[in-house]
Amino acid sequence: MDGVASGPCTIYDDGYLFFSGYLKNNYREGRGKEYDRNGNLISDGFYSKGKKLNIKPSKEMGKGYWEEYDEN
């Protein structure tokens, strides 16, 4: 559709990589990564309709496992 972004994407803010992941109907969807201005990964998680879900990859369990967390 014209004007609607869907598919793999890389978003830059003022020339710096900010987000890499996937868009569906202009919203972040699925796994996405956010970066700071130095290119350091600051967030790796899942999105649904543009909202970040409270899950992240589990470092302890290994590939394919995710941890759920709350704001605390």
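These legends walk through several close-up views of a predicted model.

**Figure 1. The whole chain is built from strands.** Let's start with the overall picture. The secondary structure comes to zero helices and eight strands. Read from the N terminus, the elements run β-β-β-β-β-β-β-β. The C-alpha trace spans about 40 × 30 × 25 Å along its principal axes. How much of the chain counts as buried? Of its 72 residues, 18% do. The accessible surface comes to about 5,700 Å², and carbon and sulfur atoms hold 48% of that surface. Among contacts with a separation of 6 or more, 4% link residues that are 24 or more positions apart.

**Figure 2. Strand 1 and strand 2 form a hairpin.** Here we zoom in on the start of the chain. Strand 1 covers residues 7-13 and strand 2 covers residues 16-24; the two pair in the antiparallel sense over seven bridges. Which residue of strand 2 stands opposite Thr 10? That residue is Ser 20. Asp 13, for its part, stands opposite Tyr 16 in strand 2. Two residues lie between the strands of this hairpin, and Asp 14 takes a positive phi near 55° there. As background for that angle, most residues other than glycine have a negative phi.

**Figure 3. Strand 2 pairs again, with strand 3 and with strand 4.** Follow strand 2 and you will meet further partners. Strand 3, made of residues 27-28, pairs with strand 2 in the antiparallel sense over two bridges. Within strand 3, Tyr 27 is the bridge partner of Lys 24. Strand 4, residues 30-35, also runs antiparallel to strand 2, and two bridges join them. Ser 20 is worth finding in this view: Lys 33 in strand 4 stands opposite it, while Thr 10 also stands opposite Ser 20.

**Figure 4. Asn 25 sits in a loop with a positive phi.** Now look at the turn after strand 2. Asn 25 is found in the loop between strand 2 and strand 3. This hairpin has two residues between its strands. The phi of Asn 25 is near 55°, a positive value in a residue other than glycine. Is Asn 25 buried, partly exposed or exposed? Asn 25 counts as partly exposed because its relative accessibility is 40%, between the 20% and 50% cut-offs.

**Figure 5. Lys 49 is another loop residue with a positive phi.** Further along, a second loop comes into view. Lys 49 has its place between strand 5 (41-48) and strand 6 (51-52). Its phi is near 50°, which is positive in a residue other than glycine. With a relative accessibility of 65%, Lys 49 counts as exposed, as the cut-off for that term is over 50%.

**Figure 6. Ser 6 lies before strand 1 and touches residues further along the chain.** Step back to the beginning of the chain for this one. Ser 6 belongs to the segment before strand 1. Which residues does Ser 6 contact, leaving aside its neighbours within four places in sequence? They are Leu 23, Lys 24 and Asn 25. The C-alpha atoms of Ser 6 and Tyr 22 are separated by 7.3 Å, although these residues are 16 residues apart along the chain. Ser 6 is partly exposed, with a relative accessible area of 48%.

**Figure 7. Lys 33 in strand 4 has contacts on several stretches of the chain.** Strand 4 holds Lys 33. Leaving aside neighbours within four places in sequence, Lys 33 is in contact with Phe 18, Phe 19, Ser 20, Leu 41, Ser 43 and Asp 44. Lys 33 counts as partly exposed, at 28% relative accessibility. From Lys 33 to Lys 56, C-alpha to C-alpha, the distance is 11 Å, and the two are 23 residues apart in sequence.

**Figure 8. The largest pocket has a mostly charged lining.** We finish with empty space. Rolling a probe the size of a water molecule over the atoms shows where such space is left. The largest pocket holds about 160 Å³ of space. Which residues line the largest pocket? The lining is made of Arg 31, Asp 44, Lys 56, Pro 57, Lys 59, Glu 60 and Glu 67. These residues divide into one nonpolar, no polar and six charged. Two names return from the previous view: Asp 44 is among the contacts of Lys 33, and Lys 56 lies 11 Å from Lys 33, C-alpha to C-alpha.

Terms used:
Residues are numbered from 1 along each chain as its sequence is written. This is a predicted model: local features need pLDDT of at least 70, side-chain atom pairs count only at pLDDT 80 or more; totals for chains, interfaces and linings use all residues. Side-chain values use heavy atoms; hydrogens and water are left out. Two strands pair if DSSP finds at least two bridges between them. Helices (H or I, at least four residues) and strands (E, at least two) are DSSP runs, numbered from the N terminus. On a 1 Å grid over the protein atoms alone, a cavity is a set of points where a 1.4 Å probe fits but cannot get out, and a pocket is an open set with protein on both sides within 12 Å along at least five of seven lines; lining residues have an atom within 4 Å of a point. Grid points are joined across faces, edges and corners, and a volume is the space filled by probe spheres set on the points. Ala, Val, Leu, Ile, Met, Phe, Trp, Tyr, Cys and Pro count as nonpolar, Asp, Glu, Lys and Arg as charged, and the others, Gly among them, as polar. Buried means under 20% relative accessible area, exposed over 50%, partly exposed in between (1.4 Å probe, protein chains only). Contact means heavy atoms within 4.5 Å. Accessible areas come from the Shrake-Rupley method with a 1.4 Å probe; for residues, only the protein chains shown count as cover.
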